Amino acid sequence: MDKSINKYIDHTLLKPDATRAEIVKLCEEALEYDFYSVCVNSRWVPLCKSLLKDSDVKVCSVVGFPLGAMSKEAKAYETKIACLEGAGEVDMVIDIGSLKSKDYDSVKDDIKSVVDAAKEYGAIVKVILETGLLTKEEIVTACELSETAGAAFVKTSTGFGHGGAELDDVKLMRKTVSKDVMVKASGGIRDKKTALDMIDAGADRIGTSSGIKIVTEL
């Protein structure tokens with residue numbers, strides 16, 4: 001591990017009933033513990049950007065969340081607005097149904113539409129595969145399509161679907177993508193040991209709502 005564990009963490013709050021006060025608290029915590037970013041729904045990007053403007057904590061917005069079953073045009077537009085309002089990173093959900101239908105051109109085009117929209121604002125894209133719904137072969141294919149489409153990261157899970165981050169999946173993702181693409185483990189990571197295990201397996205970033213617990217555990 002070549003950096004402190006806090007700098008692996010995207011401090012995350014994505015529940016649908018999150019309040020303004022809870023988002024403010026999330027940003028305050030990210031500043032206090034010097035997390036890499038806060039990860040929020042796009043509605044909260046302007047607030048987070050204003051609260052974090054004098055820091056190096058980044059703002060990450062989810063797009064097409066949590067199902068991924070939106071049109072590529074809708075995902076691209078949501079990306080554009082999120083980036084305009086201050087998101088430096090975008091975590092998009094893959095088109096799972098098209099992947100399972102083996103409509104790989106649609107999956108790649110869907111990812112590329114978001115990558116291209118983000119690139120206009122200097123933002124990067126992480127592609128959420130929702131690994132709990134995929135076979136090992138589908139995980140490999142999704143990773144390959146994500147890299148071909150220009151994604152900066154592949155990511156395990158939304159945390160809202162079936163299952164979360166699994167060590168074997170993180171290892172498979174790391175093995176599949178090149179060194180130019182990073183891996184984010186997210187979903188069910190609630191303690192320091194699990195976070196460290198994910199990093200050892202190849203994760204470059206950890207998405208969690210338990211960041212404070214992770215960094216303060218003895």
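Let's start at strand S8 (residues 205-208): Arg-205 and Gly-207 point one way, Ile-206 and Thr-208 point the other way, and all are buried. That fits the general pattern, as side chains in a regular strand alternate between the two faces of the sheet. Keep in mind that this is a predicted model.

S8 has strand partners to look at next. Strand S1 (residues 9-13) pairs with S8 in the parallel sense, over 3 bridges, and Ile-9 has Ile-206 as its bridge partner in S8. S7 also pairs with S8 in the parallel sense over 3 bridges; here the bridge partner of Ser-186 is Gly-207.

Just ahead of S7 in the chain is a loop worth a look. Ser-178 sits in the loop between helix H7 (167-176) and strand S7 (182-186). With a relative accessibility of 25%, Ser-178 counts as partly exposed, because buried would need a value under 20%. What does the side chain of Ser-178 make a polar contact with? Its partner is the side chain of Glu-147, at 2.5 Å. The two residues are 31 apart in sequence, and their C-alpha atoms are 8.1 Å apart in space.

Now for helix H5 (residues 104-119). Its 16 residues should span 22 Å at 1.5 Å a residue, and the end C-alpha atoms are indeed 22 Å apart, so the two values agree. The buried residues of H5 are Val-107, Asp-110, Ile-111, Ser-113, Val-114, Val-115, Ala-117 and Ala-118. What do they pack against? The list is helix H3 (72-84), strand S4 (89-93), helix H4 (96-100), strand S5 (124-128) and helix H6 (136-148).

Two of those H5 residues, Asp-110 and Val-114, turn up again among the contacts of Lys-75, a residue of helix H3. Is Lys-75 buried or exposed? It counts as buried, because its relative accessibility is 0%. A polar atom of the Lys-75 side chain lies 2.8 Å from the backbone oxygen of Gly-68. Leaving aside residues up to four places away in sequence, Lys-75 also touches Val-63, Gly-64, Met-70, Met-92, Val-93, Ile-94 and Asp-95.

On to the rings. The structure holds 2 aromatic pairs, set out here:

| Pair | Arrangement | Centre to centre | Angle between planes |
|---|---|---|---|
| Tyr-33 and Phe-35 | stacked | 5.9 Å | 20 degrees |
| Phe-65 and Phe-160 | edge-to-face | 5.3 Å | 85 degrees |

The Phe-65 and Phe-160 pair links distant parts of the chain, 95 residues apart: Phe-65 is in the loop between strand S3 (58-63) and H3, while Phe-160 is in the loop between strand S6 (153-155) and H7. Phe-65 is buried, since its relative accessible area is 15%, whereas Phe-160 is partly exposed at 43%. In the stacked pair, Phe-35 counts as buried at 0% relative accessibility and Tyr-33 counts as partly exposed at 24%.

Two rings have a charge for company too. The charged end of Arg-43 sits over the ring of Trp-44, 4.3 Å from the ring centre. Lys-126 lies over the face of Phe-153, with 5.6 Å to the ring centre.

Definitions and conventions
Residues numbered from 1 in each chain as written. Predicted model: local features only at pLDDT ≥ 70, side-chain atom pairs only at ≥ 80, totals over all residues. Heavy atoms only, no water. Helix = DSSP H or I, 4+ residues; strand = E, 2+ residues; numbered from the N terminus. Buried < 20%, exposed > 50% of the residue type's maximum accessible area, 1.4 Å probe, protein only. Polar contact = N/O pair within 3.5 Å; in protein donor to acceptor, adjacent residues only side chain to side chain. Expected span 1.5 Å × (residues − 1). Contact = heavy atoms within 4.5 Å. Phe/Tyr/Trp six-rings, centres within 6.5 Å; stacked < 30°, edge-to-face > 60°. Lys NZ or Arg CZ within 6 Å of the ring centre and 35° of its normal. Pairing = 2+ DSSP bridges.
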